[in-house]
Amino acid sequence: MKISTKGRYGLTLMISLAKKEGSGCVSLKTIAEENGLSDLYLEQLVGPLRNAGLIKSVRGAKGGYQLRTPAEEITAGDIIRLLEGPITIVEGIESEPPAQQQLWLRMRDAVKEVLDETTLKYLANYQEKDALEGYMFYI
C-alpha cells in the first residue's frame, strides 16, 4: 500500500486544523504556507473532507476552515480511507496460496489497526520527545 500526496497532504491539512481547534477558522493559504504545500492542491482536498462532515467552511473576512468533528473522534484511518479508498496491501489475494493470503491479511489488519487507533488529536499534540519516551538508552 502506498499513500499518495492526496492522503499525505489531506492528513497534514487535518492536523493543522486540529492544532487550531477552538481558535476559529484557518485559511488554506495559511496552512499551505506553514507546511510548504500548494494551496490550490489543498482546495481539491477540502471538498471530500467537508462532504464527509469532518470540516466546515466559513465565509467572510475571518473565514476559512475548521473541524466540524472533534479531533479526538477523527482517526488517521478515517482520513486516509476517505481520500485514498479502502486499505489493501495486495489486490486479488483469492488466487494466492493460503499461507500468503494469511500474511497479506495480517499485514492489512496491522496497518488498519495503527491508522484506526491514531487520532487526529494525538497527531496534533505529538512532540518529537514522545517518540523517545518509551526507550532507555545506555552508553
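These legends go with a set of views of one predicted protein model.

**Figure 1. The whole chain, seven helices and two strands.** Reading from the N terminus, the order is α-α-α-β-β-α-α-α-α. Along the principal axes, the C-alpha atoms fit a box of roughly 60 × 45 × 25 Å. Of the 139 residues in the protein chain, 31% are buried. Take the contacts between residues at least 6 apart in sequence: 64% of them bring together residues at least 24 apart.

**Figure 2. The surface and its charges.** About 9200 Å² of the protein chain is exposed, and carbon and sulfur atoms account for 51% of that area. On the charge side, there are 17 positive and 19 negative side chains. The centres of these two sets sit 7 Å apart.

**Figure 3. The largest nonpolar core, with 29 residues.** In soluble globular proteins, nonpolar side chains tend to be buried together. Here, the members that touch the most other members are Leu 13, Met 14, Leu 17, Leu 42, Ile 55, Leu 67 and Leu 120. At least two core residues come from each of helix H1 (5–19), helix H2 (28–35), helix H3 (39–51), strand S2 (64–67), helix H4 (76–84) and helix H6 (120–125). H1 gives the largest share, six residues.

**Figure 4. Zooming in on Leu 120 and its contacts.** Skip the neighbours within four places in sequence, and Leu 120 still contacts Met 14, Ile 15 and Ala 18, along with Leu 67, Ala 71, Ile 74, Thr 75 and Ile 79. Leu 120 is also one of the core residues that touch the most other members, as are Met 14 and Leu 67.

**Figure 5. Tyr 9 with Tyr 41, one of two aromatic pairs in the whole structure.** The rings of Tyr 9 and Tyr 41 meet edge-to-face, at 5.3 Å centre to centre and with 85° between the planes. This pair ties together distant parts of the chain: Tyr 9 belongs to helix H1 and Tyr 41 to helix H3, 32 residues apart. Tyr 9 is partly exposed, at a relative accessible area of 22%, and Tyr 41 is partly exposed too, at 25%. Being buried takes a value under 20%, so neither Tyr 9 nor Tyr 41 counts as buried.

**Figure 6. Tyr 122 with Tyr 126, another edge-to-face pair.** The centres of the Tyr 122 and Tyr 126 rings are 5.9 Å apart, and the angle between the planes is 65°. Edge-to-face applies to planes over 60 degrees apart, so this pair gets that label. Tyr 122 is partly exposed at 43% relative accessibility, and Tyr 126 is partly exposed at 35%.

Methods: Residues are numbered from 1 along each chain as its sequence is written. This is a predicted model: local features need pLDDT of at least 70, side-chain atom pairs count only at pLDDT 80 or more; totals for chains, interfaces and linings use all residues. Side-chain values use heavy atoms; hydrogens and water are left out. Helices (H or I, at least four residues) and strands (E, at least two) are DSSP runs, numbered from the N terminus. Buried means under 20% relative accessible area, exposed over 50%, partly exposed in between (1.4 Å probe, protein chains only). Contact means heavy atoms within 4.5 Å. Accessible areas come from the Shrake-Rupley method with a 1.4 Å probe; for residues, only the protein chains shown count as cover. Lys and Arg count as positive and Asp and Glu as negative; His and the chain ends are not counted. The place of a charge is taken as NZ of Lys, CZ of Arg, CG of Asp or CD of Glu. A nonpolar core is a set of buried Ala, Val, Leu, Ile, Met, Phe, Trp, Tyr and Cys residues joined through side-chain atoms within 4.5 Å. Rings of Phe, Tyr and Trp (its six-membered ring) pair if their centres lie within 6.5 Å; planes under 30 degrees apart count as stacked, over 60 as edge-to-face and the rest as tilted.
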